[in-house]
Amino acid sequence: MRKAIVSVIGFLAVAGVIGYLATSGGGPLGRARSDSVGGGGAGASGSPVTEKGLAVPGPAEVADSSVTGAVSSGSGSLTGVGELPAIGPAIVKTARIDVEVKKDGFEAAFDAARIVAATYGGYVESSSTSGTKVRSGSLMIRVPAASFDQAMTDLDRLGTVKAQSMSGQDVTSQYVDLKARLTTWETQEAVLLRLMRRATSVEATLRVQRELQDVQFRIEQIKGQLRVLDNQTSLATIQLSLREPGAPIHVESNVSERPSLVEAWDKALNGFLGVLYSVVVGLGYLVPIAVIVAAAWLGYRRLRSRPAVAG
């Protein structure tokens with residue numbers, strides 16, 4: 001019994017390793033999988049698969065075609081799809097200011113900070129106040145990046161600056177990378193739509209449709225990331241703290257740094273499903289091989305057990 005349990009565990013471990021190699025794309029099994037439409041998904045970069053005359057390309061083939069020429073479609077041609085516009089430096093500007101205002105001057109300074117945001121075409125994303133006799137509060141101000149320096153100067157004049165910090169994060173390379181990936185996936189989407197129109201069987205249509213859904217999902221993901229970057233680079237973020245003399249200094253705690261049981265559970269569940277997925281995929285490779293080996297072994301033993309024929 002103990003030996004059987006060890007054998008089953010070893011069998012499943014080997015299946016998990018094979019499944020990992022088959023799904024990671026790093027080894028020969030992964031490369032073989034990336035060449036197939038059903039296994040590789042929209043991320044396949046190997047040779048296109050032909051289904052009754054319809055070739056479903058991977059992004060590598062589409063990228064090459066978009067760079068070297070045009071991709072034909074039913075209504076015309078997609079010329080110059082692979083060309084990217086010149087993108088200047090994309091900087092995410094953020095700042096924090098701690099300003100002490102005059103006694104009983106909190107309300108006036110608070111309203112003035114809102115006016116500063118509106119003056120430069122920005123807005124107050126969030127605000128909070130506290131205290132009765134001694135007032136304090138904070139505002140999260142978003143202003144166009146081009147007006148960042150002017151807005152900072154105006155906010156500095158609200159009172160005595162006790163602390164100030166500014167930072168600029170260059171995300172140009174990330175922006176260019178997302179734009180390039182978006183161009184590649186949109187070009188592949190155009191090719192798949194053309195193949196969808198040329199499909200002559202239900203099987204071919206469903207096969208192309210699966211690829212198309214995956215490609216469109218990736219396009220929406222990249223567009224979402226680009227929208228976030230556009231928002232962060234076009235609008236600077238200024239965290240303004242205002243307080244009257246004697247007000248306690250409010251230190252904001254970063255909630256995201258606290259360990260989250262929900263996040264830990266999600267990661268544990270994703271890890272469990274990932275291992276289970278690899279084991280199931282590995283069994284698909286390993287079970288047929290094990291059956292063939294077992295049949296060959298039984299055949300070999302049967303041949304050895306036959307009595308020798310006397311001459």
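This section describes the fold, the central sheet, the salt bridges and a surface patch of a predicted model.

The chain of the predicted model contains nine helices and nine strands. Of its 311 residues, 31% are buried, and the chain as a whole exposes about 19,200 Å², of which carbon and sulfur atoms supply 59%. Among contacts in the chain with a separation of 6 or more, residues 24 or more positions apart account for 74%.

Five of the strands are arranged in an open sheet with the order 6-7-9-5-8, and the pairing within this sheet is mixed. Strand 6 and strand 8 (160-170) form the edges, each of them pairing on one side only. From one strand to the next, the twist averages 10°. Helix 5 packs on this sheet, where it touches strand 6, strand 7 and strand 9, and the direction of the helix makes about 15° with that of strand 7.

Strand 6 and strand 7 run antiparallel and are joined by seven bridges. Within this pairing, Ser 126 has Met 140 of strand 7 as its bridge partner, while Val 124 stands opposite Ile 141, also in strand 7. The hairpin made by these two strands has five residues between them, and in that hairpin Gly 131 takes a positive phi near 95°. Strand 7 also pairs with strand 9, again in the antiparallel sense, over nine bridges. Met 140 takes part in this pairing as well, its bridge partner in strand 9 being Gln 239. Seven of the nine residues of strand 7 are buried, and the strand is therefore largely enclosed by the rest of the structure.

A search of the whole structure for salt bridges finds eight. One of them is formed by Asp 98 and Arg 243, whose closest N and O atoms are 3.3 Å apart. This pair links distant parts of the chain, since Asp 98 belongs to strand 5 (residues 91-100) and Arg 243 to strand 9 (residues 235-243), with their positions 145 residues apart in the numbering. Both partners fall under the 20% cut-off for burial: Asp 98 counts as buried at 16% relative accessibility, and Arg 243 is likewise buried, with a relative accessible area of 10%.

A second salt bridge is formed by Arg 135 and Glu 107, with 2.7 Å between the closest N and O atoms. Here too the pair links distant parts of the chain: Arg 135 is placed in the loop between strand 6 (123-130) and strand 7 (136-144), whereas Glu 107 is in helix 5 (residues 106-119), and the two are 28 residues apart. The partners of this salt bridge fall into separate accessibility classes, with Arg 135 counting as buried at 17% relative accessibility and Glu 107 counting as partly exposed at 42%.

The side chains of Arg 157 and Asp 154 also meet in a salt bridge, with an N to O distance of 3.6 Å. At 64% relative accessibility, Arg 157 counts as exposed. Sharing of partners between salt bridges further joins Asp 98, Glu 100, Lys 162 and Arg 243 into one network. Arg 157 itself lies in the loop between helix 6 (148-156) and strand 8. The C-alpha atom of Arg 157 is separated by 9.0 Å from that of Val 99, although the two residues are 58 residues apart along the chain.

On the surface, a nonpolar patch is formed by Trp 265, Leu 269, Phe 272, Leu 273, Leu 276 and Val 280, which together present about 620 Å² of accessible area. One of these residues, Leu 273, has its place in helix 9 (residues 261-305). With a relative accessible area of 45%, Leu 273 is partly exposed.

Methods:
Residues are numbered from 1 along each chain as its sequence is written. This is a predicted model: local features need pLDDT of at least 70, side-chain atom pairs count only at pLDDT 80 or more; totals for chains, interfaces and linings use all residues. Side-chain values use heavy atoms; hydrogens and water are left out. A salt bridge is a side-chain nitrogen of Lys or Arg within 4 Å of a carboxyl oxygen of Asp or Glu. Helices (H or I, at least four residues) and strands (E, at least two) are DSSP runs, numbered from the N terminus. Buried means under 20% relative accessible area, exposed over 50%, partly exposed in between (1.4 Å probe, protein chains only). Two strands pair if DSSP finds at least two bridges between them. Axes are lines fitted to C-alpha atoms, for helices over the stretch in contact, and angles run from 0 to 180 degrees between N-to-C directions. Contact means heavy atoms within 4.5 Å. Patches are made of residues with over 30% relative accessible area and no salt bridge: like charges are joined within 9 Å, nonpolar side chains (Val, Leu, Ile, Met, Phe, Trp, Tyr) within 5 Å. Accessible areas come from the Shrake-Rupley method with a 1.4 Å probe; for residues, only the protein chains shown count as cover.
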